[in-house]
Amino acid sequence: MIMPNIGAFIAWGLITALFIPDGWIPNEDLAELVGPMITFLLPLLIGFTGGRIIHGNRGGVVGATATMGVIVGADITMFLGAMIMGPLGGYVMKKIDGFTDGRIRSGFEMLVNNFTAGIAAAILAIGGLLGIGPVVEGITTVLASGVELMVNAGLLPLVSLFIEPGKVLFLNNAINHGILTPLGTEQAAQAGKSVLYLLESNPGPGLGILIAYMVFGRGTAKQTASGASFIHFVGGIHEIYFPYILMKPILIVAAIAGGASGVFTFVLLDAGLSAPPSPGSIIAILALTQQGNYIAVISGVLIATAVSFGVASIFLRTAKADEADDIAEATEKMQEMKGKKSQASQHLSASQQENVNDTPLAAPNELSKENIKKIIFACDAGMGSSAMGASLLKNKMKKAGLQYDVTNTAINQIPDDADLVITHKDLTERAMTKKPDALHISVENFLNSPKYDEIIEALK
């Protein structure tokens, strides 16, 4: 619910950083955008997204309307309330539509559909205002007070004991966008910045481990560490360093030490960002750094990198000489934990083998310039791996002199006018249920698939 709306969070953060009284270019008129955006726009977007995930646009409309109830029923920003009311509204609407399906007399469809949605949305909005809003406000206040107590007591670095292992266990988005982003945005609304945005997104701990592999690693792990570090630090795809820790689990100690050191530095120097950086790229972090906080933010990243590198170096240098650095095996282990293929981590084994698992193009006789106009790359969120695949195919088409509409999206939002849908092989079945009349092509690896050349040749 949060990630598809990160652009709106960043827009709010940039307006806050620029135009509030302590911003780069204070402007009283433009600063009036800050309050309504955080109070109404962001929670409503979250509520609509949550409802739409459950039951399309009808669910989204009911979810957003229900979210309005918790917004009015509380005196704080209702991100957590929106995360409850959005999916709840979508679920209720889905059940109502399931009950009325086949029971509506011909000619009364629009009347029944509009009024069922309106009645459900009104009831949920009232329930949110009177019941759920105050409860969520109390929970949020307790959580915010706990964070404040940890900061005042100097204990905030201890959260790295949970955040760093949680990241490797693929709880990074749940931790960052489910917990830290709502609490951080509440802080940023009051102070113009929040240190909570830096806790999970700091690339320093992962970078230190990758540099240690570059210096003291062996075999494939050492060869791939430099490329992985660039994708991690500049691209912001943190999961690419997870296999290096899974290969030697003791390195989680280095990640924790680096993370805690970075948090300590951020708190000590009063660092903060104006909005959540997503992905956790150093470019995104610096772009959202509040005025006067650059030294503090950069110091926290560098110290986290140095500490993580130092601890990881000790473990790598003292490792037994006969221990194999099997990055491919670690990558497979990571993907088993994640429950699906990791597109970014395919970089780690690309230099060792070709993608022999890619099957030939499905129904190649249907793939021609006559019946293909719009090409869609689809993945779970529609932001990471699919975006990289779409960009790669666009570049190949440009070199081949072809002009096609190539975009990426979440698998639940494949547009109706898609002619060709490209997905990872584990997601193709889901994509076919969403768009059964399109041509579907499965790939093993979005970053290095021979299918792209076959598609270009067919479209020529």
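**Group meeting talk: a walk through a predicted chain**

Okay, let's start with the parts list: this chain has 17 helices and four strands. One thing to keep in mind all the way through is that this is a predicted model. The chain has 460 residues, and 50% of them count as buried. Now look at contacts between residues at least 6 apart in sequence: 72% of those join residues at least 24 apart.

Let's get to the helices, and I'll begin with H2, which covers residues 34-72. How many Å does helix H2 span between its end C-alpha atoms? A straight helix of 39 residues would span 57 Å at 1.5 Å a residue, but H2 spans only 17 Å. Go to His55 on your screen, and you'll find a bend in H2 of about 145°.

Now put helix H8 next to that, residues 219-233. At 1.5 Å a residue, its 15 residues should span 21 Å, and the end C-alpha atoms are 22 Å apart, so the two numbers agree. H8 does have a bend of its own, about 40° at Ala225. Ala225 is also one of the buried residues of H8, along with Thr220, Ala221, Thr224, Ala228, Ser229 and His232.

Back to H2 for a moment, because I want to show you Ile46, which is found in that helix. Is Ile46 buried or exposed? Its relative accessible area is 0%, and buried means under 20%, so Ile46 is buried. Who does Ile46 touch, once we leave aside its neighbours within four places in sequence? The contacts of Ile46 are Met1, Ile2, Asn5, Phe9, Phe79, Ala82 and Met83. Take Met83 from that list: Ile46 and Met83 are 37 residues apart along the chain, yet 6.6 Å separates their C-alpha atoms.

Just before H2 there's a loop, between helix H1 (6-19) and H2, and Glu32 lies in it. Glu32 has a relative accessible area of 56%, and since exposed means over 50%, Glu32 counts as exposed. Between the C-alpha atoms of Glu32 and Ile15 there are 9.7 Å, with 17 residues separating the two along the chain.

On the other side of H2 we have another loop, the one between H2 and helix H3 (79-100), and that's the place of Thr77. With a relative accessible area of 12%, Thr77 falls under the 20% limit, so this loop residue is buried. Not counting residues up to four places away in sequence, Thr77 touches Ile38, Pro43 and Glu186.

Thr77 also takes us to the empty spaces, since it helps to line the largest cavity. Here's the general idea: rolling a probe the size of a water molecule over the atoms shows where empty space is left. How many cavities of 30 Å³ or more are there? The count comes to one. About 30 Å³ of space lies in the largest cavity. Its lining is made of Thr77, Phe79, Leu80, Thr140, Pro182 and Leu183. The elements that give two or more residues to that lining are H3 and H6. By class, the lining of the largest cavity divides into four nonpolar, two polar and no charged residues.

Next, the open kind of space. The second largest pocket has a volume of about 510 Å³. It is lined by 21 residues, and the closest to its centre are Ala144, Glu148, Val151, Gln187 and Gln190. Three helices give two or more residues to this lining: H4 (109-152), H6 (172-191) and H10 (252-268). Which of the elements gives the most to the lining? That would be H4, with seven residues. If you sort the lining of this pocket by class, you get ten nonpolar, seven polar and four charged residues.

Last stop: helix H10, where Leu268 is found. Leu268 has a relative accessible area of 60%, over the 50% limit, so it is exposed. The C-alpha atoms of Leu268 and Gly300 are separated by 9.5 Å, and the two residues are 32 apart along the chain. A little further on, in the loop between H10 and helix H11 (282-287), you reach Asp270. What is the phi of Asp270? It is positive, about 60°, although Asp270 is not a glycine.

That's my tour, so have a look for yourselves!

Note on methods
Residues are numbered from 1 along each chain as its sequence is written. This is a predicted model: local features need pLDDT of at least 70, side-chain atom pairs count only at pLDDT 80 or more; totals for chains, interfaces and linings use all residues. Side-chain values use heavy atoms; hydrogens and water are left out. On a 1 Å grid over the protein atoms alone, a cavity is a set of points where a 1.4 Å probe fits but cannot get out, and a pocket is an open set with protein on both sides within 12 Å along at least five of seven lines; lining residues have an atom within 4 Å of a point. Grid points are joined across faces, edges and corners, and a volume is the space filled by probe spheres set on the points. Ala, Val, Leu, Ile, Met, Phe, Trp, Tyr, Cys and Pro count as nonpolar, Asp, Glu, Lys and Arg as charged, and the others, Gly among them, as polar. The expected span of a helix is 1.5 Å times one less than its number of residues. The bend at a residue is the angle between axes fitted to the seven residues ending there and the seven starting there. Buried means under 20% relative accessible area, exposed over 50%, partly exposed in between (1.4 Å probe, protein chains only). Contact means heavy atoms within 4.5 Å.
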